[in-house]
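User: I'm new to this one and would like a walk through it. Could you take me through how its parts fit together?

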Amino acid sequence: MSRGPARMPLTPRQAQALAAAATGAPLREVGEQLGITREHASSLLSRAYERLDVTHLPRPERRAAAVRAAVARGLITDPSEENSTK
């Protein structure tokens, strides 16, 4: 049986939300960066976590695990590389 959610790519909006969240920004700031509400940002990230198969992890670990998985799959840019090029 295949692990569907782990193989699905992110939607462009989910990737944007995850990239914004990768810096450690709170949901309010993620929403502001994307021009959406905090609640919508939370929803986008929750769906991204499902697609990246990290929902089984404890809540404090999900964001970092999702970022690592998305970077490893080439879905978002590594935030540490972006900061070092500025």
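**How two helices cross**

Analyst: A good place to begin is the pair H2 and H4, which are roughly perpendicular to each other in this predicted model. Their axes lie 9 Å apart, and the packing angle is about 100 degrees, which falls within the 65 to 115 degrees that count as roughly perpendicular.

User: Ok, which residues of H2 and H4 actually meet there?

Analyst: From H2 the contact takes in Arg13, Gln14, Ala17, Leu18 and Ala21, and these meet Leu44, Leu45, Arg47, Ala48, Tyr49 and Arg51 of H4. By kind, the residues of this contact between H2 and H4 divide into seven nonpolar, one polar and three charged.

User: What about Gln14, is that one buried or exposed?

Analyst: Gln14, which lies in helix H2, is buried, because its relative accessible area is 3% and anything under 20% counts as buried. If its neighbours within four places in sequence are left aside, Gln14 is in contact with Leu44, Arg47, Ala48 and Arg51.

User: Switching to H4 itself, how far apart are its end C-alpha atoms?

Analyst: The end C-alpha atoms of H4, which covers residues 38–51, are 20 Å apart, and this agrees with the 20 Å that its 14 residues should span at 1.5 Å a residue.

User: And which residues of H4 are buried?

Analyst: The buried residues of H4 are Ala41, Leu44, Leu45, Ala48 and Tyr49. Around the axis they cover an arc of only 140 degrees, so they sit on the same side of H4. As general background, an α-helix has 3.6 residues a turn, so residues three or four places apart point the same way.

User: What do those buried residues of H4 pack against?

Analyst: They pack against three helices, namely H2 (12–21), H3 (27–34) and H5 (59–72).

User: What follows H4 in the chain?

Analyst: Asp53 follows H4, and the phi of Asp53 is positive, near 60 degrees.

User: Zooming out, how many helices and strands does the protein chain have?

Analyst: The protein chain has six helices and zero strands, so that, read along the sequence, its pattern is α-α-α-α-α-α.

User: How much of the chain is buried, and what share of the contacts join residues at least 24 apart?

Analyst: Of the 86 residues in the protein chain, 35% count as buried. As for the contacts, taking those between residues at least 6 apart in sequence, 50% join residues at least 24 apart.

Technical notes. Residues are numbered from 1 along each chain as its sequence is written. This is a predicted model: local features need pLDDT of at least 70, side-chain atom pairs count only at pLDDT 80 or more; totals for chains, interfaces and linings use all residues. Side-chain values use heavy atoms; hydrogens and water are left out. Helices (H or I, at least four residues) and strands (E, at least two) are DSSP runs, numbered from the N terminus. The expected span of a helix is 1.5 Å times one less than its number of residues. Buried means under 20% relative accessible area, exposed over 50%, partly exposed in between (1.4 Å probe, protein chains only). The arc is that of the directions from the helix axis to the C-beta atoms. Contact means heavy atoms within 4.5 Å. Axes are lines fitted to C-alpha atoms, for helices over the stretch in contact, and angles run from 0 to 180 degrees between N-to-C directions. Angles under 35 degrees count as roughly parallel, over 145 as roughly antiparallel, 65 to 115 as roughly perpendicular and the rest as oblique. Ala, Val, Leu, Ile, Met, Phe, Trp, Tyr, Cys and Pro count as nonpolar, Asp, Glu, Lys and Arg as charged, and the others, Gly among them, as polar.
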